[in-house]
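Welcome to this short tour of aromatic side chains and their surroundings. Take a moment to look over the sequence and the model before reading on.

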Amino acid sequence: MNVSLAKDLSVYQLVMGVQVPPKPLSLSPATLLSLVRAQIDLLIEQQIAATLWVKLPPEKIWQSELARYQSSVGASSLIYTCQIEENGKGRAGEDEGGGEENTPSSPSSSSSPHHVTVHLPPDSQLRRENFLMVLSPQFCSLILAHRPLKKRKNQISTKVNTNKNQPLLIITTVEGRVIQQVLDGIQKAIAPESSPIVPADFICPTVPQGALMTQLFAKQLLRQDEINRQIITARTTKLQQLNQELHDKEQLQDEYLKNLCQELRTPLTHMKTALSLLNSPNLKPPQRQRYLQMLNTQCDQQNSLITGLLELLQLERNLEGTALESVRLSDIVPGVVSTYQPLAQEKGIMLAYTVPTELPSIWCVSGGLKQIVISLLHNSIKFTPNGGEVWVRARLQGDYVQLEFRDPGIGIAESEIPKIFDRFYRVRAAATEDYGGAGLGLTIVQQLLLHCGGSISVKSKLYEGSTFTVQLATVNNTPRAIAIQKE
């Protein structure tokens with residue numbers, strides 16, 4: 001049996017059209033669910049065989065209530081389920097939050113004589129409404145949820161608000177006069193060729209029996225309490241997760257501050273030692289010169305550490321709001337390499353690069369590419385012994401340009417490789433050998449690359465050298481795609 005309704009039918013308007021209409025209450029979708037469940041509980045407990053008119057959200061949590069009722073009462077019940085027609089196919093219309101969903105699974109097959117699909121046109125007034133109407137000689141009731149149109153500012157047009165957490169205008173009533181008004185309105189809106197929806201002599205009882213009302217009230221209290229406990233449990237779980245995240249964040253900050261204090265203290269300890277030795281009355285000129293050099297070195301180390309920290313803090317603060325720019329490696333790499341040529345020659349290191357001019361432009365933070373090249377090239381030269389060779393090579397790899405820094409330096413132990421991008425971590429070839437630096441350069445490089453959708457990897461073997469490989473997204477790899485990859 002097929003039933004169709006006129007597009008201008010609105011259960012909410014029918015209810016509000018009666019003399020002294022029931023007052024709508026602004027309630028949550030969770031409360032609507034508790035009201036529906038309490039109603040189904042009563043029908044099942046009293047084994048009330050009723051005709052149900054429903055338009056509920058399509059999620060399983062709602063549809064399972066209808067299935068629960070029909071499986072309990074069985075063949076003596078009849079359910080009319082309203083569905084929006086979209087492109088010739090049934091669709092559930094909007095849920096309690098106003099969003100459109102796929103056609104829900106019905107409590108029983110639509111071909112069942114105990115379940116009827118009611119077809120609604122796409123522009124039906126019922127699109128903004130959900131309801132459950134119970135019709136039986138012993139008990140009649142109506143639960144109605146209406147979401148008004150929300151006007152856009154400075155515009156005549158309107159739209160349905162799609163916030164699922166926004167309260168609904170909910171009406172719940174057992175008054176026969178109100179339900180009869182809705183029933184008559186539905187009967188008028190049915191297509192002429194459709195069968196009657198209730199017997200011709202059916203009349204809603206004015207008021208249900210007092211015992212039924214008492215039981216309904218009790219079940220509503222129980223269901224609302226259940227919903228409230230679920231909400232409290234969900235909120236408590238979320239708060240616990242937030243507290244754990246805050247606790248973890250505080251621990252990371254504490255660890256960071258601890259490491260920072262240790263890094264700042266180390267140069268000061270060396271400087272204090274050098275100053276104490278300089279006060280020795282028997283100090284010889286070569287010793288004095290060595291201690292002065294120690295002071296100078298530790299001052300440079302302290303300055304490098306503070307400069308690196310300020311640079312990292314500024315980068316982390318401003319990076320999210322920094323736009324990407326298109327830049328060519330051939331415009332940056334040669335200039336940086338020429339700047340480091342004097343230092344390489346001083347150490348007897350051959351410094352060379354291969355960057356084809358036809359390579360496509362890449363995305364990077366403004367000034368970021370130069371900073372990346374400087375940091376990696378500086379490390380390669382610093383850790384390469386006299387007479388070594390340092391190479392910088394670039395090539396295209398799909399949607400990325402690959403930039404490679406290869407050196408025959410001291411290398412990195414396999415156990416240290418996962419740590420080299422950590423803040424303040426510095427590689428030492430031996431316990432007595434310190435190459436200086438703040439241990440922040442690779443951290444900054446990694447942060448810059450993550451922001452522009454790039455990456456960095458390293459292959460190294462102790463005392464045999466290292467190869468750092470940077471991948472940078474080409475301009476063909478759009479910023480939107482880069483953002484998705486970062487997520």
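Let us begin with Y291. Beyond the neighbours within four places in sequence, Y291 is in contact with A274, L277, L278 and L283. Keep in mind that this is a predicted model. Y291 has its place in helix 6, which covers residues 285–318. T273 is 18 residues away from Y291 along the chain, and the C-alpha atoms of the two are separated by 8.9 Å. Is Y291 buried or exposed? Its relative accessibility is 12%, and because buried means under 20%, Y291 counts as buried.

Y291 also has a charged companion, and a similar arrangement is found at W391. Here are the two cases side by side:

| Charged residue | Ring beneath | Distance from the ring centre |
|---|---|---|
| R290 | Y291 | 5.5 Å |
| R393 | W391 | 4.3 Å |

Now for rings that meet other rings. How many aromatic pairs does a search of the whole structure find? The search finds 1. The partners are W53 and Y80, whose ring centres are 4.6 Å apart. Their planes lie at 5 degrees, so the pair is stacked. This pair links distant parts of the chain: W53 belongs to strand 3 (residues 51–55) and Y80 to strand 4 (residues 78–86), with their positions 27 residues apart in the numbering.

Both partners are hidden away from the surface. W53 is buried, with a relative accessible area of 0%, and Y80 is buried as well, at 1%.

Notes. Residues numbered from 1 in each chain as written. Predicted model: local features only at pLDDT ≥ 70, side-chain atom pairs only at ≥ 80, totals over all residues. Heavy atoms only, no water. Phe/Tyr/Trp six-rings, centres within 6.5 Å; stacked < 30°, edge-to-face > 60°. Helix = DSSP H or I, 4+ residues; strand = E, 2+ residues; numbered from the N terminus. Buried < 20%, exposed > 50% of the residue type's maximum accessible area, 1.4 Å probe, protein only. Lys NZ or Arg CZ within 6 Å of the ring centre and 35° of its normal. Contact = heavy atoms within 4.5 Å.
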